[in-house]
Structure formats: structure tokens, C-alpha cells
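Work through the exercises below with the sequence and the model side by side. Try each task before reading its solution.

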Amino acid sequence: MAEHAEHTVPEPATMPSDVNGKLSVFDRFATAASALASKAGFFVFCVLLVLVWAPTIFLLPSVDTWQLVINTATTIITFLLVALLQNTQSRSDAAVQQKLNAVADGLADLMSELSAEHPELRRHRQELTEAVGLENRESAG
């Protein structure tokens, strides 16, 4: 039976419970970098970088070179962090959207069930499906 499961092609996830927890190596790295950048230790590192850099004005031949050193270092760090943090933010946004879609879908189903007893729920359900695009999402899947 295990061999059969290995050859089965999984269907695309449509609900949050269908999403597997498998992340690519880059996704895991981006998650770890995001967690590190959000900690006090990273802020302390940044402060220490500036504190170590500041006295190097006496070691470097010109103020321009001195400024170039910190500008280069901070630009590289910023550039890399933006890419990593955008990855985690995009994945987070997608997960939240998927959960909201599931909640809206469940609420719409509940409203349909109760609409016989409470006719005003038909109108509210219609407003909900139009607002979140439930019918479009369901037909696209």
C-alpha cells in the first residue's frame, strides 16, 4: 500500500487542511532568516555594526571611503533581507487568505442551511459570496 501512495499524484490544495507542510529549502531558509531578523539579537548586531564602523574613520584614508563601507554593508543586508522577508510575507498572506476563504465558505454554507428558517440570510449569503468571490473561486478550482 505504501508503494501505491508514492505513485499517486496529489491534487492541488483547495482548503487549508489540504495544504502540506513541505517547504522548499529556500522557504525554510527565508523563514529562519525572518525569525532571526525579528529578534533583539539582530538589532543588537546592527547596533554593534555601526559602533564598530564609527571609529574606523581614523583608519580609512577619506570620509568618502568611510561612508562607502557602511553604505555598502547596510545596502547588502537590506537587499537580502527584503528578498527573504518578502518570501515569508507572501507565504503568510496566502495562508491567511486560504483560511479566510475557508471561513467564508463555511459561513456561506451555514447561511444556506438556515435560510429556510431565516429568509433574510439568502440576501446576506449573496452579499458574502459577491464580496469574497466564493462562486468565482469554487468554479476556478
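**Exercise 1. Count the salt bridges and place each one.**

Step 1. Apply the rule: a side-chain nitrogen of Lys or Arg within 4 Å of a carboxyl oxygen of Asp or Glu. The count comes to 2 salt bridges. The model is a predicted one, where local features need pLDDT of at least 70, side-chain atom pairs count only at pLDDT 80 or more, and totals for chains, interfaces and linings use all residues. Residues are numbered from 1 along each chain as its sequence is written, and side-chain values use heavy atoms, with hydrogens and water left out.

Step 2. Take Asp27 and Arg91. Their closest N and O atoms are 3.6 Å apart. Asp27 belongs to helix H2 (residues 25-37) and Arg91 to helix H4, so this pair ties together parts 64 residues apart in sequence. Helices here are DSSP runs (H or I, at least four residues; strands are E, at least two), numbered from the N terminus.

Step 3. Check accessibility. Buried means under 20% relative accessible area, exposed over 50%, and partly exposed in between, with a 1.4 Å probe and protein chains only. Asp27 has 16% relative accessibility and therefore counts as buried. Arg91, at 25%, is partly exposed.

Step 4. Take Arg123 and Glu127. The closest N and O atoms of this salt bridge are 3.0 Å apart. Both residues sit in helix H5, 4 residues apart, so about one helical turn separates them. Arg123 is partly exposed at 49% relative accessibility. Glu127 is partly exposed too, at 41%.

Step 5. Recall the general principle. Side chains of opposite charge can pair when their charged atoms come close.

**Exercise 2. Test whether the length of H4 agrees with its residue count.**

Step 1. Set the expectation: 1.5 Å times one less than the number of residues. Helix H4 covers residues 63-114, which is 52 residues, so it should span 76 Å.

Step 2. Compare. The end C-alpha atoms of H4 are 73 Å apart, which agrees.

Step 3. Put H4 in context. The chain has 6 helices and 0 strands. From the N terminus on, the order is α-α-α-α-α-α.

**Exercise 3. Find the buried residues of H4 and the largest nonpolar core.**

Step 1. Start with the whole chain. Of its 141 residues, 17% are buried.

Step 2. List the buried residues of H4. They include Trp66, Ile70, Leu81 and Leu84, and also the polar Asn87, Thr88, Asn101 and Asp105.

Step 3. Define the core. It is a set of buried Ala, Val, Leu, Ile, Met, Phe, Trp, Tyr and Cys residues joined through side-chain atoms within 4.5 Å. The largest one has 5 residues: Ala104, Ala108, Met111, Leu121 and Leu128. H4 and helix H5 (120-132) each supply at least two of them. H4 gives the largest share, 3 residues.

Step 4. Check two C-alpha distances that involve buried residues of H4. Met111 and Arg123 are 12 residues apart along the chain, and their C-alpha atoms are separated by 9.6 Å. Leu84 and Phe26 are 58 residues apart along the chain, with C-alpha atoms separated by 8.8 Å. Phe26 lies in helix H2. It is partly exposed, with a relative accessible area of 43%.

**Exercise 4. Locate the nonpolar surface patch and set the UniProt annotation beside it.**

Step 1. Apply the patch rule. Residues need over 30% relative accessible area and no salt bridge; like charges are joined within 9 Å, nonpolar side chains (Val, Leu, Ile, Met, Phe, Trp, Tyr) within 5 Å.

Step 2. Name the members. Phe43, Val44, Val47, Leu48 and Leu51 form the patch, with about 470 Å² of accessible area together. Areas come from the Shrake-Rupley method with a 1.4 Å probe; for residues, only the protein chains shown count as cover.

Step 3. Look at Phe43. Its place is in helix H3 (residues 40-53). At 57% relative accessibility, Phe43 counts as exposed.

Step 4. Turn to the record. An unreviewed UniProt entry places the feature "transmembrane region" at residues 40-60 and 66-85. UniProt positions follow the numbering used here, feature names are shortened, and annotations may be inferred rather than shown by experiment.

Step 5. Compare the record with the model. Residues 40-60 are 67% helix and 0% strand, with end C-alpha atoms 30 Å apart. Residues 66-85 are 100% helix and 0% strand, with end C-alpha atoms 29 Å apart.
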